[in-house]
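The exercises that follow are meant to be worked through with the sequence and the coordinates side by side. Each task is followed by a solution that goes step by step.

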Amino acid sequence: MFKRFSRLVFSAAISVSASAVFAQQNLSGETANPGGTAYLSLSHLSEAAASAGIANIQLSAGQTLTNTTQNLAEGKTDIASTTFVLPFLMSQGRGPYSTLGAEKGAELAANLRLLYPYTLGVIGLYGYDSAGVQGWDDLKGRTLLNGPPRGGALTNARALIRIATGLNEGAGYTGVQVNWGQALKTITDGTVDAAVLPLQFPDTRVTGALAAGRMTLWSLPKPVYDSAHFVKLAKLPGSAPWIMDLKDVNAPEGLSVVSQDDKFRGLAIKGGDIVHKDMDFDLAKALVTAHIKTLDALKAKTPFAANVGYGDLDPVRSGLCGANPLKYHAGALAAWQEAGYEIDDCAKP
């Protein structure tokens, strides 16, 4: 009874504080293509913020997260989606931010603050049964779709294949890279034997591919998941270990899921929605408060939304701390703590 009363008081406080503190503001937001976790999150926040009278977020979708992260750091947009490897690379002046240099990259990365984390996808192996692939130990000599031409998904897929099989691209297997918009066609037209790509549960790309035939999805073998090499990979910025019950995979008709037990294991790609460190404390707090208040509605929006870690702030599962330089915005931290969530010290600003 007390918990229910507390939730009612907390919900009422949201409405009162939002209307008392804010005249509705106009904010800009940048995110990825519709259909994924990042777009769903920021589009939902746009609805929640407008409904609470906090802000009108003018959302620009279909953006490259490398660019959204830099635009946010440079103050060109107010809210952006990111994958956590990007703030790390920016802080080092490496990868897509090598032209910035280490000093400028570190300066820009210091501007980034987190509102909340989520999982963009879990890297898994899947393919058509007709291709004859038997699992992770049957990839030698195969042709594999392992990501876009550059970026974290490709880097992680190559590393995961190497850890699981000992194979390197070019010597042990042939890798194929295409832009995300071409991935479904590449899977269905027979160009590749299998794909090693980020998945959601259920996954729209897999569901679309099933129209052309039955498929199998393989969990990462437990000995590989428990290995020192995988543990090290899963601790890198933007990555986290992933384990879930097979019953929660939500496999559509025509997809078989293979595991050694009743668990599905993989490598999670972690990210979140970020703001500039100079965003007003009360504004950031109100935005996150609206996010928390509507978590149940967010998780009910699509079949996969319950499986992407919305509201899971565990420092390991969320991909925070360690080498990841990203911290919560002070206003976001206050909102999470007032709602009864615990934040590890390593993620506090």
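**Exercise 1: the setting of Leu144**

Leu144 has its place in strand β5, which comprises residues 143–145. The model is a predicted one, and this should be kept in mind throughout.

Task: decide whether Leu144 is buried or exposed, and list which residues Leu144 touches beyond four places away in sequence.

Solution. Begin with the accessibility: the relative accessible area of Leu144 is 0%, and buried means under 20%, so Leu144 counts as buried. Next, collect the contacts, leaving out residues up to four places away in sequence; Leu144 then touches Leu139, Ile161, Tyr173, Thr174, Gly175, Val176, Val192, Ala194 and Val196. Finally, take a distance along the chain: Gly181 lies 37 residues from Leu144 in sequence, and their C-alpha atoms are separated by 17 Å.

**Exercise 2: the setting of Ala212**

Task: locate Ala212 and state whether Ala212 is buried or exposed.

Solution. Ala212 is found in the loop that runs between α8 (204–209) and β8 (215–218). The relative accessible area of Ala212 is 53%, and since exposed means over 50%, Ala212 is classed as exposed. As a further step, compare positions in sequence and in space: Ala212 and Lys348 are 136 residues apart along the chain, with 48 Å between their C-alpha atoms.

**Exercise 3: the pair α4 and α5**

Task: describe how the axes of α4 and α5 cross, and name which residues meet.

Solution. The axes of helix α4 (residues 85–92) and helix α5 (residues 101–109) come within 5 Å, crossing at roughly 140°. Because angles over 145 degrees count as roughly antiparallel, α4 is oblique to α5. From α4, the residues Pro87, Met90, Ser91 and Gln92 meet Ala102, Gly105, Ala106, Leu108 and Ala109 of α5. Sorted by class, this contact of α4 with α5 holds 6 nonpolar and 3 polar residues, with no charged residues.

**Exercise 4: the chain as a whole**

Task: determine how compact the chain is for its 349 residues.

Solution. First, count the elements: the chain has 13 helices and 12 strands. The radius of gyration of the chain is 20 Å, close to the 20 Å given by the globule rule for 349 residues, so the chain is as compact as a globular protein of that length. Along its principal axes, the C-alpha trace spans about 65 × 50 × 35 Å. Turning to burial, 52% of the 349 residues count as buried, while the chain exposes about 15200 Å², of which carbon and sulfur atoms supply 51%. Lastly, among contacts between residues at least 6 apart in sequence, 76% join residues at least 24 apart.

Definitions and conventions. Residues numbered from 1 in each chain as written. Predicted model: local features only at pLDDT ≥ 70, side-chain atom pairs only at ≥ 80, totals over all residues. Heavy atoms only, no water. Axes fitted to C-alpha atoms, helices over the stretch in contact; angles between N-to-C directions. Helix = DSSP H or I, 4+ residues; strand = E, 2+ residues; numbered from the N terminus. Parallel < 35°, antiparallel > 145°, perpendicular 65-115°, else oblique. Contact = heavy atoms within 4.5 Å. Nonpolar A, V, L, I, M, F, W, Y, C, P; charged D, E, K, R; others polar. Rg over C-alpha atoms; globule rule 2.2 N^0.38 Å. Buried < 20%, exposed > 50% of the residue type's maximum accessible area, 1.4 Å probe, protein only. Areas by Shrake-Rupley, 256 points an atom, 1.4 Å probe, with all protein chains shown as cover.
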